[in-house]
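User: Please take one part of this model and look at it closely, setting it within the whole chain. I would like a careful, connected account in which each label is tied to the number behind it.

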Amino acid sequence: NQATMSIMEYNGGSFLAMAGKECVAIASDMRFGVQLQTLGTNCNKIFKMHDKLFIGLAGLNSDVLTFEEKLRFKLNLFSLREERNIRPQAFAKLVSSMLYEKRFGPYFIEPVIAGLDEDNKPVLRSTDLIGAPLETDDFIVGGTATDQLFGVCESFYIPDQEPEDLFETVSQCLLAGMDRDCMSGWGAVVYIITKDKVVTRTLRQRMD
């Protein structure tokens with residue numbers, strides 16, 4: 001009997017978001033694959049919503065692109081109507097309701113939301129594919145390397161890290177977790193969101 005792969009794992013990919021002191025980091029791998037075959041090594045899975053809010057979308061790549069387009073459309077309408085940026089907490093509710101309204105034919109995605117609120121406190125949110133919310137104040141993992149990432153994050157996470165220390169922790173956790181998952185890897189990208197800037201760094205990783 002041949003084992004059936006979950007549709008959530010079809011294109012592979014893993015995520016990690018972690019909170020620091022008035023900063024937050026979100027990171028993902030760069031692999032795009034079809035089951036165990038790697039087709040690309042520069043697949044963007046993290047999307048900037050505004051300067052203090054990012055979303056990572058794991059799961060089926062076609063649904064990722066469709067959902068991101070619909071999400072950006074709704075955010076543009078919000079910005080035009082309200083003339084301000086959406087708060088991360090409200091954005092998480094929007095993502096959750098968009099997923100839940102499609103619950104009978106869901107998007108096969110797993111969102112990870114990272115941002116800073118108006119007081120520059122980290123906000124970390126996630127949902128499952130039908131919008132059931134998860135809220136935490138330390139770290140969130142997602143994608144095919146979830147089990148491996150949980151272990152290293154629980155070992156390496158330190159509360160209230162400065163941006164540079166947070167970058168180092170997130171990078172080491174992501175690389176260690178993805179080394180143990182054949183569906184993720186081929187490099188990574190890390191976004192460090194602070195109150196006055198966003199720093200983007202790419203990581204090299206073993207290419208096998």
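Analyst: Helices and strands are taken here as DSSP runs, with at least four residues for a helix and at least two for a strand, and they are numbered from the N terminus. With that in hand, the part I have chosen can be placed: E83 is found in the loop between helix 1 and helix 2. The model is a predicted one, and the values that follow should be read with that in mind.

The backbone of E83 deserves the closest look. Most residues other than glycine have a negative phi, whereas E83, which is not a glycine, has a positive phi of about 55°. Its relative accessibility is 71%, and because exposed means over 50%, E83 counts as exposed. A useful companion is E22, which lies in the loop between strand 1 and strand 2 (23-29) and also has a positive phi of about 55° without being a glycine. E22, however, counts as partly exposed, because its relative accessibility is 38%.

From the loop that holds E83, one can turn to the aromatic residues, where the structure holds 4 aromatic pairs. One of the pairs joins F67 and Y107 in an edge-to-face arrangement, with 5.3 Å from centre to centre and 70° between the planes. The two rings come from distant parts of the chain, since F67 sits in helix 1 (residues 61-82) while Y107 belongs to the loop between helix 2 (88-100) and strand 7 (109-116), a separation of 40 residues. Both partners are buried: F67 has a relative accessibility of 0%, and Y107 has a relative accessible area of 9%. Elsewhere, ring pairs connect F139, F150 and Y157 as a cluster.

Two further residues help to set this part within the whole. S14 is located in strand 1 (residues 14-19) and is buried, with a relative accessible area of 0%. Leaving out residues up to four places away in sequence, S14 touches a list of residues that includes A27, S28, D29, G142, G143, L149, M178 and S184. S14 and L80, by comparison, are 66 residues apart in sequence and lie 33 Å apart in space, C-alpha to C-alpha. T169, in helix 4 (residues 163-178), is likewise buried, at a relative accessible area of 11%, and, setting aside its neighbours within four places in sequence, T169 is in contact with M18, F156 and Q161.

As for the whole, the protein has 4 helices and 12 strands. A compact globule of 208 residues would have a radius of gyration near 17 Å, and the 16 Å of the protein agrees with this. The C-alpha atoms fill a box of roughly 55 × 40 × 25 Å along the principal axes. Among contacts with a separation of 6 or more, 62% are between residues 24 or more positions apart, and 50% of the 208 residues count as buried. The protein exposes about 10,600 Å², of which carbon and sulfur atoms supply 49%. Finally, the 22 positive and 29 negative charges have mean positions that are 5 Å apart.

Methods:
Residues are numbered from 1 along each chain as its sequence is written. This is a predicted model: local features need pLDDT of at least 70, side-chain atom pairs count only at pLDDT 80 or more; totals for chains, interfaces and linings use all residues. Side-chain values use heavy atoms; hydrogens and water are left out. The radius of gyration is taken over C-alpha atoms; the globule rule is 2.2 Å times the number of residues to the power 0.38. Buried means under 20% relative accessible area, exposed over 50%, partly exposed in between (1.4 Å probe, protein chains only). Contact means heavy atoms within 4.5 Å. Accessible areas come from the Shrake-Rupley method with a 1.4 Å probe; for residues, only the protein chains shown count as cover. Lys and Arg count as positive and Asp and Glu as negative; His and the chain ends are not counted. The place of a charge is taken as NZ of Lys, CZ of Arg, CG of Asp or CD of Glu. Rings of Phe, Tyr and Trp (its six-membered ring) pair if their centres lie within 6.5 Å; planes under 30 degrees apart count as stacked, over 60 as edge-to-face and the rest as tilted.
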